[in-house]
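Got your viewer open? Grab the selection tool and follow along, one stop after another.

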Amino acid sequence: MRRPYGVDLPVMFPEPLSAVDRAWLRMDDPTNLMMITGVLAFEQPMDRATLERVLRARLLPIPRFRQRVVGSYGRGRLLWEEDPDFELARHVEEITLPGAGGDVELKELVSGLMSRPLPADRPLWCFHLIHGYQGGSAVMARLHHVIGDGIALMLVLLSLTDPAPGIDHGEREGGNPFTSLFIKGREAIATVRRQAEELMPEGMKLLLQPADLLKTVNPLLKGIASLGAAGRMTFRSADPQTLFKGALGVPKRATWSQAISVEEVRETARRVHANLNDVLLSSMAGSLGRYLRGRGVRSAGVSVRAALPVNLRPLESMADLGNQFGLVFLPLPLGILDPLERLAELRRRLRSLKTSAEPLAAFQILRFLGVSPLAIQRLIVRILATKATAVATSVPGPKEPLYLAGNRLSTMFFWVPQAGRVGLGISILSYAGEVRMGVASDAGLVPDPDVIVEGFYQELEDLRRRAP
C-alpha cells in the first residue's frame with residue numbers, strides 16, 4: 001500500500017493493546033456497542049471518489065486505521081495487527097436516503113446503524129456516505145472505542161477537514177491544524193497547539209486543562225486520592241430506578257436538536273453569572289425531569305447521575321490514540337423545577353467535582369478491568385453501571401466553518417456509547433456559532449428521545465426568561 005503522495009506507508013508490527021483499550025473492547029455487547037458515532041452534514045453533494053481520496057490522504061497514514069484486533073478476548077493476548085487484506089472500499093458504504101431525504105429519514109438510518117456491529121475481521125471503523133440529505137450529503141462515521149476516546153477521535157475527524165475551501169485535500173497537511181499532529185507527532189506540538197487554540201479556543205482549554213493540571217500533582221498524592229475515590233465510587237448507592245433504567249434491547253433511537261445560537265445561550269449565561277456549559281447541562285437535566293413528569297412520574301427530590309468523560313491525556317500524546325480519560329459522576333437535580341434554582345445547585349455539584357480524584361480512579365479501574373478475567377470485568381462493569389443513568393458530554397467545537405474537499409461542513413453532531421446497562425447517552429457539541437444536542441437511547445426504555453430534545457428547548461427558553 002502506498003500513500004497517494006508516493007511515500008510508502010510504514011510496516012506496522014503487531015503490538016499489544018493497552019489494558020484500558022482491552023477493557024473497552026471487551027465491553028462490547030449487542031445491546032450496547034462501544035462505538036462513537038458522528039454525522040457530518042455538507043451543503044453540496046459529495047461523490048465516493050472524493051471521500052475516498054480524502055481518507056487515503058488524511059486517515060490511512062494513521063496506523064490504527066489500517067490495523068485489526070486479533071487474539072483472545074478472555075485471558076489471552078489481544079494484538080493490533082496490520083490487516084493483510086485491507087481495502088478502503090470495505091470501509092466506505094454508500095447509502096441514498098429514501099423519501100424527502102430529511103431529518104426523519106436520517107434519524108431512522110442512524111438509529112439502525114447504531115445497532116449494527118462493526119466486522120471484527122478488519123479495522124474497526126466505517127464511513128457511510130449518505131446521499132440526498134437536505135439537498136447535499138452527509139457522512140456518518142462509526143468508530144470503535146478501542147481505536148481511541150472521543151477526544152482523540154474528534155481530532156481525527158477534524159483532521160479530514162480544512163479551514164478554507166480552496167485547500168488541496170490531497171496534500172499531506174493541507175493547512176489543517178490537526179493533520180500534522182498525526183503525521184509528525186511530537187515535533188509538531190507547538191504549531192498544532194497554537195493553530196488548534198485559534199480554531200477552537202474554548203474546546204482546547206476544556207480538553208487539555210485536566211491533563212495539564214495533573215502534570216503538577218505529586219504522583220504519590222494522585223495515587224492515594226484515586227484509591228480513595230475508587231472506594232467511594234464502588235460503594236456509593238445505586239441510582240434510583242426511573243424510566244431511563246431497565247433491561248436493554250438491541251434497537252436504538254437517535255435524534256438531535258436543531259441549531260441553537262451559541263451567542264444567545266452565552267448571553268443567558270452572562271445574565272445568570274454562569275458559563276455556557278453550566279447552562280447547557282442544567283437545561284439538559286431539566287429536559288430529563290420534564291420527560292419523567294410528562295409520563296406521569298413524580299420527579300420531586302429525584303437526582304440521577306450522568307457519567308461525564310474527563311480528558312487525562314496531554315496534547316503531546318494525542319497522536320497515540322487509544323483511551324486515556326476518566327469519568328466523573330455528576331448528580332443531575334431532575335426534581336428541581338425552577339431553572340435558576342436548578343442551575344445554582346448544578347453549579348455547586350460541578351464545583352465539588354472539579355477537585356475530585358474520580359477521573360483518575362475511573363481510569364485506574366478501567367486499567368484493572370483490562371487485565372482481569374472477562375467474567376470479573378463484566379461483573380464490575382455491571383456494578384458500576386448501576387451508579388449512573390446516562391453518559392453525557394459537552395464539547396465546545398470549532399468556532400468557524402470547516403470544509404472537506406472544498407465542501408462546506410454545515411453542521412455536525414455525535415453520540416457517545418453507553419457502557420454496561422446504561423441506556424441513555426447525551427452529547428452536546430458547538431460548531432461555527434451553533435450548538436446541538438444529540439440523544440441516543442435504548443428503544444425499549446426511551447422510544448421517543450425527540451421529547452427530551454423538545455424539553456431541552458423549553459428549559460433554555462425558561463432560563464432565558466427568568467434571567468435577571
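Let's begin with helix 12: 10 of its 13 residues are buried, so the rest of the structure largely encloses this helix. Keep in mind as you click around that this is a predicted model.

**Stop 1: helix 12**

Select residues 358-370 to bring up helix 12. Which of its residues are buried? Colour these and you have the set: Glu 358, Pro 359, Leu 360, Ala 361, Ala 362, Phe 363, Ile 365, Leu 366, Leu 369 and Gly 370. Now try the distance tool on the C-alpha atoms at the two ends of helix 12, which are 18 Å apart. With 13 residues at 1.5 Å a residue, the helix should span 18 Å, so the two values agree.

**Stop 2: a sheet of three strands**

Next, select residues 15-16 for strand 1 and 67-71 for strand 3, then add 78-82 for strand 4. Together these three strands make an open sheet, in the order 1-4-3, with antiparallel pairing. Strands 1 and 3 are the edges: each has a single partner strand, so one side of each has no neighbour in the sheet.

Zoom in on where strand 1 meets strand 4; they pair in the antiparallel sense over two bridges. What stands opposite Glu 15 in strand 4? Show the side chains and you'll find Trp 80 there.

**Stop 3: Thr 268**

Head over to helix 9, residues 262-271, and pick out Thr 268. Is Thr 268 buried or exposed? Its relative accessibility is 6%, so Thr 268 counts as buried, the cut-off for buried being under 20%. Once you set aside the neighbours within four places in sequence, Thr 268 is in contact with Leu 463 and Arg 464, so select those two as well to see who it meets.

**Stop 4: two loops with a positive phi**

Where does Leu 321 sit? Look in the loop that runs between strand 10 (304-311) and strand 11 (325-332). Check the backbone there: the phi of Leu 321 is near 55°, a positive value in a residue other than glycine. Leu 321 is also buried, at a relative accessible area of 4%.

For the last click, go to the loop between strand 15 (424-431) and strand 16 (434-442), where you'll find Ala 432. Ala 432 is not a glycine either, yet its phi is positive, at about 50°. Turn on the surface here: with a relative accessible area of 25%, Ala 432 is partly exposed.

Methods: Residues numbered from 1 in each chain as written. Predicted model: local features only at pLDDT ≥ 70, side-chain atom pairs only at ≥ 80, totals over all residues. Heavy atoms only, no water. Pairing = 2+ DSSP bridges. Helix = DSSP H or I, 4+ residues; strand = E, 2+ residues; numbered from the N terminus. Expected span 1.5 Å × (residues − 1). Buried < 20%, exposed > 50% of the residue type's maximum accessible area, 1.4 Å probe, protein only. Contact = heavy atoms within 4.5 Å.
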